[in-house]
Amino acid sequence: MSSSPSEKSQNPQSDHTADHPKTLHPQNPDQESTEPSPTLEETENQEAEEEGECGFCLFMKGGACKEVFINWEKCIEEGEKNNEDIVDKCFEATSALKKCMEANPDYYGPILQAEKAAEQEAIKQLDKEKEAAAAATSDSGEEQQKPASS
């Protein structure tokens, strides 16, 4: 059975010979490429990026916690839209997301490590601010106790 060139281009997987049709690269339709076609997930991610979705969001949705992340994201968006306290409103959604991420450390480990490092840095910064405030308070107390020289 012979197939016409148009049939080959519609079903490139049916012909595995070296003369299989070239696919167009999605970023530049004029550029030919022999790269394999993107997977459905890659296509969805690319479409989301084109719609302005952040890389972090795409990463989060690429793992096992996709649905939990989407619920968290919706909660945040709704809270912002209604000028609500996001911390209180989304506490449960945030807890569920953190638990899911901790249950899937192979994928979400880098995010969890970055979060832990940021938390430790924030604690250090707070400690420095407390020390500076305590030093300023003790300095002003000493000045008040010194007798005024005439």
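Is C54 buried, partly exposed or exposed? In this predicted model, C54 is partly exposed, its relative accessible area being 34%, a value that falls between the limits of 20% for buried and 50% for exposed residues. C57, by contrast, counts as buried, with a relative accessibility of 11%.

Other cysteines of the protein are bonded, and the structure holds 2 disulfides. When the bonded cysteines are numbered in sequence order, the pairing reads 1-4, 2-3. One disulfide links C65 with C100, at a distance from S to S of 2.0 Å, and the torsion about this S-S bond is about -105°, so the disulfide is left-handed. Because C65 is placed in the loop between α3 (55–61) and α4, whereas C100 belongs to helix α6, the pair ties together parts that lie 35 residues apart in sequence. C65 is buried, with a relative accessible area of 0%, and C100, at 15% relative accessibility, also counts as buried.

The other disulfide joins C75 to C90, again with an S to S distance of 2.0 Å. The torsion about the S-S bond of C75 and C90 is about -105°, so that this disulfide, too, is left-handed. Here C75 sits in helix α4 and C90 in the loop between α5 (86–89) and α6, so the pair ties together parts that are 15 residues apart in sequence. Both ends of the bond are shielded to the extent that C75, with a relative accessible area of 13%, is buried, and that C90 counts as buried at 1% relative accessibility.

The packing of two helices was examined next. Helix α4 (residues 66–81) and helix α6 (residues 91–103) have axes that come within 9 Å of each other and that cross at roughly 155°. Since angles over 145 degrees count as roughly antiparallel, α4 is roughly antiparallel to α6. The crossing in which α4 passes α6 is left-handed. On the side of α4, the contact is made by V68, F69, W72 and C75, and on the side of α6 by A93, T94, A96, L97 and C100. The residues of this contact comprise 8 nonpolar and 1 polar, with no charged residue among them.

The contact and the disulfides share residues, in that C75 of α4 and C100 of α6 take part in the contact between these helices, while C75 is also bonded to C90 and C100 to C65.

Technical notes: Residues are numbered from 1 along each chain as its sequence is written. This is a predicted model: local features need pLDDT of at least 70, side-chain atom pairs count only at pLDDT 80 or more; totals for chains, interfaces and linings use all residues. Side-chain values use heavy atoms; hydrogens and water are left out. Axes are lines fitted to C-alpha atoms, for helices over the stretch in contact, and angles run from 0 to 180 degrees between N-to-C directions. Helices (H or I, at least four residues) and strands (E, at least two) are DSSP runs, numbered from the N terminus. Angles under 35 degrees count as roughly parallel, over 145 as roughly antiparallel, 65 to 115 as roughly perpendicular and the rest as oblique. A crossing is left-handed if the near helix is turned anticlockwise from the far one by less than a right angle, and right-handed if clockwise. Contact means heavy atoms within 4.5 Å. Ala, Val, Leu, Ile, Met, Phe, Trp, Tyr, Cys and Pro count as nonpolar, Asp, Glu, Lys and Arg as charged, and the others, Gly among them, as polar. A disulfide is a pair of cysteine sulfur atoms within 2.5 Å. Buried means under 20% relative accessible area, exposed over 50%, partly exposed in between (1.4 Å probe, protein chains only).
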